[in-house]
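Biologist: I've got this one open on my screen and would like a close look at a single part of it. Could you walk me through it?

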Amino acid sequence: MAVQRVTSFVAAAGMVLAVLLGSVPQAAASPADQQRERAAVQQSGETQAFVVGGLAFVLMVGAAGAVLWFTAKGRNHSSHGHN
């Protein structure tokens, strides 16, 4: 039961981080900042690469948390069947 609670917490925390990190840069940027950012992206792809890489990292962490949660959930159910 404790493992399931921990893995559920880890999976939930990973998803919350993905949502927060995905929305903060867009919410904090003013229209002038957004125009400058668009111009910078057009001049070089570094910003785009950073955003895509960061999003990929967050999604991998969330997926790892989900895999941990499902693995622990499956292990917990299988151990009850053998008792």
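Biologist: Let's zoom in on one side chain: is phenylalanine 70 buried or exposed?

Modeller: Keep in mind that this is a predicted model. Phenylalanine 70 is exposed, because its relative accessible area is 53% and the cut-off for that label is over 50%. As for its company, the chain has 1 aromatic pair. That pair joins phenylalanine 70 to tryptophan 69: the ring centres sit 4.6 Å apart with the planes at 70°, so the two rings meet edge-to-face.

Now for the stretch around it. Helix 3 covers residues 46-81, and in this chain confidence is highest there, with a mean of 87. Valine 61 also has its place in helix 3. At 39% relative accessibility, valine 61 is partly exposed, and together with Phe57 and Met60 it makes up a nonpolar patch on the surface. Those three residues share about 320 Å² of accessible area.

Stepping back, the chain has 3 helices and 0 strands, so to speak an α-α-α run from the N terminus on. Just 11% of its 83 residues count as buried. The accessible surface adds up to about 6600 Å², and carbon and sulfur atoms account for 69% of that.

One caution before you zoom elsewhere. The chain's average pLDDT is 75, with 57% of the residues scoring at least 70. Confidence is lowest in helix 1 (residues 2-28), where the mean is 63. Where pLDDT is low, the predicted coordinates shouldn't be read in detail.

How values were computed. Residues numbered from 1 in each chain as written. Predicted model: local features only at pLDDT ≥ 70, side-chain atom pairs only at ≥ 80, totals over all residues. Heavy atoms only, no water. Patch = residues over 30% accessible without salt bridge, like charges linked within 9 Å, V, L, I, M, F, W, Y side chains within 5 Å. Areas by Shrake-Rupley, 256 points an atom, 1.4 Å probe, with all protein chains shown as cover. Salt bridge = Lys/Arg side-chain N within 4 Å of Asp/Glu carboxyl O. Helix = DSSP H or I, 4+ residues; strand = E, 2+ residues; numbered from the N terminus. Buried < 20%, exposed > 50% of the residue type's maximum accessible area, 1.4 Å probe, protein only. Phe/Tyr/Trp six-rings, centres within 6.5 Å; stacked < 30°, edge-to-face > 60°. pLDDT = per-residue confidence, 0-100.
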